[in-house]
Amino acid sequence: RISKGEGRRKMPKFDPMTGELITEETTEQEPKKSHKMAIIVSIITGVVVLLGILAFVLAAVLLSNPRTAVEKACAKTFSEGGYLYDTCRDFQGFEKDYTVTSNIKIAIQSEYSDGSIILYTQLGVDGKDKQLAGTMAYNSAWINIPEIEYKLQIDANEVRLQIPSVDSHVFTYNYTEEKHGYLTEIASAEDLQAIDDVLKMIYSSESSGDIKNTESAVKLMNWYRSLKVEKSDAGQFEVDGNIRKCKGYAILVTREDMNRFREIYQEYVETAMTDRLHALGMSAEEYTEQIFADIQDMEDATIRFYVYQKELACVELEAAGDIYQVIFHGGDYRTQNMEILVNGAVVCTIEGTLAGDEESITVDLSGNHVEVTYNRSTEAYDIKSENTYEKIEMNGILSVGSKEIRLTVDQFALEGEADYTLSGDIAVTKGAVIDTMKGEAFDIGNASEAEYDELFDDLNQLLYGLLGY
């Protein structure tokens, strides 16, 4: 059933310096410098939002009462997994208040130098307000940097930074007001505006999750339901060690369907991202064009689902002369052993086994070999990854509860051009930890040249003292 495609879809090209998409227009003229950084961040944010929308549609299909054989097969196929899947599924997640804490020690060995870095970080998120705090230190044969403490906060109006180990000032920067100090003499208005725009994006709580409660959600579901699922020819695939005859179903997604999806997304952008786009000087149409640039001229595509015993045996996408397949070979559960093929050539394999309380998963992808083992009783994991250039080994404990997920790294070793070893732990817990900064404020945007000179003199003396000069 697999045929060689006559041609491949053209892949988008990105500027290696800016990350921006290269089109015929952008190759002829430079983008405006004023908003370059903000536009890059905006495009990345847009891609995340788009993926969130697609995830919402898929979740709505899989978690609602399925109405078709395809929906039932999808729901059943992805409702079961191994021990690691069951462990992660127990994690309920958080809404708007949580804290991410990490305590990491990194040792570096190379032909040029040896050293160690100790990092403690704590990210607290309380709705829109955020604080990143922590300490860091570096030691080597060449230089020793003692522990430096820092706090970085952002709220609706300003960013605050304090480095108690170096200076008692609280450095403030208001990204919503015009600046009048020495900063306006050493930085252009365009650069300052770009910085302000990025900070507004960082602070904003707009996310793809909000689409659940919008009119766009209704339109997306109606769009999905407008796609007709029809019976197609049966297919034969290996499932549970035997060749099985599988029922076939097909969905045709036309260019008109994708254009309609794009229109719905653009309407969502106009509703949820108005302030951002205004700050960037972009329209919703221009923004959407950059997100959908790769598929705006897409030909009709066919998605085929092959079902065996009410679970997926294969999902096949045929578009632009190419055929992409995900084959579910099954085992203890349908997704345990899988293959991904492009035009009949295997590009990725996933193999799994369950033995007692231990699960093993092996992934081979483009020359990369990964082995993962997890014990559901001890919560111990072990990961090994190897390719032509480097080798990685990692082990520790993965503990998941309703209010916390904790990953302990007993050992992380990277062997390549330089050797790294790492140990520590990372935890995500419910509830935000945000401290109040105390100290004399230094207004970065409105301080005079004399105030800057005095500050730099004090900082130079402190830094030289810390470094032992």
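These legends go with a set of close-up views of a predicted model.

**View 1. Strands S2 and S3 make a long run of antiparallel bridges, twelve in count.** Strand S2 covers residues 114-126 and pairs with S3 in the antiparallel sense. If you want a spot to start from, find Tyr120, which sits opposite Thr135 in S3. The two strands form a hairpin, and two residues lie between them. Have a look at Gly127 in that turn: its phi is positive, at about 65 degrees.

**View 2. Strand S3 also pairs with S4, again as a hairpin.** Here S3 (residues 129-140) meets S4 (residues 144-154), and nine bridges hold the antiparallel pairing. Three residues separate the two strands of this hairpin. Two cross-strand pairs are handy for getting your bearings. Tyr138 faces Ile145 in S4, and Asn139 has Asn144 as its bridge partner in S4.

**View 3. Strand S4 carries on into S5 through another hairpin.** The link from S4 to S5 is three residues. S5 takes in residues 158-162, and it runs antiparallel to S4 with four bridges joining the two. To pick out the pairing, look for Gln153, which stands opposite Arg160 in S5.

**View 4. Helices H6 and H7 pack against each other.** H6 spans residues 215-226 and H7 spans residues 255-272, with their axes 10 Å apart and an angle of about 170 degrees between them. Angles over 145 degrees count as roughly antiparallel, so that is the label for H6 and H7. On the H6 side, the contact is made by Ser216, Lys219, Leu220 and Trp223. H7 brings Asp257, Arg260, Phe261, Ile264, Glu267 and Tyr268 to the contact. What's the chemical mix of the contact of H6 with H7? Five of its residues are nonpolar, four are charged and one is polar.

**View 5. Ala73 of helix H2 is in touch with a far-off part of the chain.** Ala73 belongs to H2, which runs over residues 69-77. Is Ala73 buried or exposed? With a relative accessible area of 0%, Ala73 is buried, because the cut-off for that label is under 20%. Leaving aside residues up to four places away in sequence, Ala73 touches Val307, Lys310, Glu311 and Leu312. Of these, Val307 is 234 residues from Ala73 along the chain, yet their C-alpha atoms are separated by 6.8 Å.

**View 6. Cys246 has no sulfur partner within bonding distance.** A disulfide is a covalent bond between the sulfur atoms of two cysteines. How many disulfides turn up in a search of the whole structure? The search finds zero. Why is Cys246 not in one? The closest cysteine sulfur to that of Cys246 is in Cys314, and at 8.4 Å it is too far for a bond, because the cut-off is within 2.5 Å. Cys246 is also buried, at 1% relative accessibility. Cys88, on the other hand, comes out as partly exposed, with a relative accessibility of 41%.

Technical notes: Residues are numbered from 1 along each chain as its sequence is written. This is a predicted model: local features need pLDDT of at least 70, side-chain atom pairs count only at pLDDT 80 or more; totals for chains, interfaces and linings use all residues. Side-chain values use heavy atoms; hydrogens and water are left out. Two strands pair if DSSP finds at least two bridges between them. Buried means under 20% relative accessible area, exposed over 50%, partly exposed in between (1.4 Å probe, protein chains only). Axes are lines fitted to C-alpha atoms, for helices over the stretch in contact, and angles run from 0 to 180 degrees between N-to-C directions. Angles under 35 degrees count as roughly parallel, over 145 as roughly antiparallel, 65 to 115 as roughly perpendicular and the rest as oblique. Contact means heavy atoms within 4.5 Å. Ala, Val, Leu, Ile, Met, Phe, Trp, Tyr, Cys and Pro count as nonpolar, Asp, Glu, Lys and Arg as charged, and the others, Gly among them, as polar.
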